[in-house]
Amino acid sequence: MRGQPISSRNNPLVKYLTGLNSPHFRAKADSFLIEGPKFVADALESGMEIIRVVVSEKYQGGLIRAEKNLEVVHLTERVFKEISDTKTPQGIIAEARIRWREIHDLLNSRKHLLVAWGVQDPGNIGVMTRSAAAFGLGGLVVGAGSASPFAPKA
């Protein structure tokens with residue numbers, strides 16, 4: 001049985017999660033937000049380290065709670081919208097650990113890599129990341145002057 005959803009914007013966890021929309025805060029926290037049921041499910045399936053899952057009080061989708069032993073936080077619709085980066089939130093957000101890899105680890109995979117150099121639009125970085133995954137590439141190398149692949153729009 002779950003308790004009442006968090007309803008205050010001043011709740012420390014809500015402030016923390018809202019802060020993850022800022023690049024500097026994300027870098028300090030070493031985590032980022034993944035929004036939407038498909039992306040959260042993909043992150044869980046890929047073995048990504050999920051710190052917690054946040055759902056709105058009206059969220060009706062399923063969670064892989066039992067086998068993943070996830071912390072699930074419930075928020076009111078109003079507070080959930082404060083954290084969400086989309087105009088029409090889908091009711092679920094996961095906080096995931098940032099997982100950087102060293103270039104030599106990517107080269108050792110003996111797979112092709114996609115390189116983003118000076119790509120400033122996070123949406124384009126997101127498209128490149130999803131394309132690299134779809135084509136089975138070894139990874140995405142993000143060079144100087146590029147947007148963060150962990151930005152909400154990516």
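A polar contact, as I use the term here, is a pair of N or O atoms within 3.5 Å, where one must be able to donate a hydrogen and the other to accept it. I keep that at hand for the start of H1, where a side-chain oxygen of Asn 11 reaches to within 2.8 Å of the backbone nitrogen of Leu 13. I also note up front that I am looking at a predicted model.

**Entry 1: the whole chain**

I began with the overall layout. I count 7 helices and 6 strands in the chain. Going along the sequence, I read the pattern α-α-β-α-β-α-β-α-β-α-β-α-β. The radius of gyration is 16 Å and the globule rule gives 15 Å for 154 residues, so the chain is as compact as a globular protein of that length. I then looked up the spans of the C-alpha trace along its principal axes, and they come to about 50 × 30 × 25 Å. Of the 154 residues, 37% are buried. I also checked how far apart in sequence the contacting residues sit. Taking contacts between residues at least 6 apart, I find that 67% join residues at least 24 apart.

**Entry 2: helix H1**

Back to H1, which covers residues 12-19. Which of its residues are buried? I find Leu 13, Val 14, Leu 17 and Gly 19 on that list. Next I asked what the buried residues of H1 pack against. The helices there are H2 (23-29) and H5 (77-83), and the strands are S1, S2 (50-56), S3 (72-75) and S4 (92-97).

**Entry 3: Glu 95**

I picked Glu 95 next, and its place is in strand S4. Is this residue buried or exposed? Its relative accessible area is 1%, and buried means under 20%, so Glu 95 counts as buried.

Which side chains make polar contacts with the side chain of Glu 95? I noted these:

- The side chain of Arg 52 is joined to that of Glu 95 by a polar contact of 2.4 Å.
- The side chain of Tyr 16 makes a polar contact with Glu 95 at 2.6 Å.
- The side chain of Ser 31 makes one with Glu 95 at 2.7 Å.

I then listed what Glu 95 touches, leaving out residues up to four places away in sequence. Tyr 16, Leu 17 and Leu 20 are on the list, along with Ser 31, Phe 32 and Leu 33. Glu 49, Ile 50, Ile 51 and Arg 52 are there too. I also took one distance from Glu 95: its C-alpha atom is 14 Å from that of Asn 69, and the two residues are 26 apart along the chain.

**Entry 4: Ser 56**

Ser 56 has its place in strand S2. I find it buried, with a relative accessible area of 4%. Setting aside its neighbours within four places in sequence, I see Ser 56 in contact with Leu 75, Glu 77, Phe 80 and Gly 91.

**Entry 5: Asp 30 and Pro 5**

Most residues other than glycine have a negative phi. I stopped at Asp 30 since this residue is not a glycine and yet has a positive phi of about 60°. I find Asp 30 in the loop between H2 and S1. Its relative accessible area is 32%, and I log Asp 30 as partly exposed.

Pro 5 sits in the segment before H1. I log Pro 5 as partly exposed too, at 22% relative accessibility. What does Pro 5 touch, not counting residues up to four places away in sequence? I get Glu 57, His 74, Leu 75 and Thr 76. I also looked at Pro 5 and Val 79, which are 74 residues apart in sequence, and their C-alpha atoms are 9.5 Å apart in space.

**Entry 6: the largest pocket**

Last, I looked for open space. I find about 1,600 Å³ of it in the largest pocket. How many residues line this pocket? I get 41, and the ones nearest its centre are Phe 32, Met 48, Thr 129, Pro 149 and Phe 150. Then I asked which elements give two or more residues to the lining. They are the strands S1 (31-35) and S6 (139-142) and the helices H3 (37-46), H6 (103-108) and H7 (122-134). H3 gives the most, with 6 residues. By type, I split the lining into 22 nonpolar, 9 polar and 10 charged residues.

Conventions: Residues numbered from 1 in each chain as written. Predicted model: local features only at pLDDT ≥ 70, side-chain atom pairs only at ≥ 80, totals over all residues. Heavy atoms only, no water. 1 Å grid on protein atoms, 1.4 Å probe; cavity = no way out; pocket = protein on both sides within 12 Å on 5 of 7 lines; lining within 4 Å. Points joined across faces, edges and corners; volume = space filled by probe spheres on them. Helix = DSSP H or I, 4+ residues; strand = E, 2+ residues; numbered from the N terminus. Nonpolar A, V, L, I, M, F, W, Y, C, P; charged D, E, K, R; others polar. Buried < 20%, exposed > 50% of the residue type's maximum accessible area, 1.4 Å probe, protein only. Contact = heavy atoms within 4.5 Å. Rg over C-alpha atoms; globule rule 2.2 N^0.38 Å.
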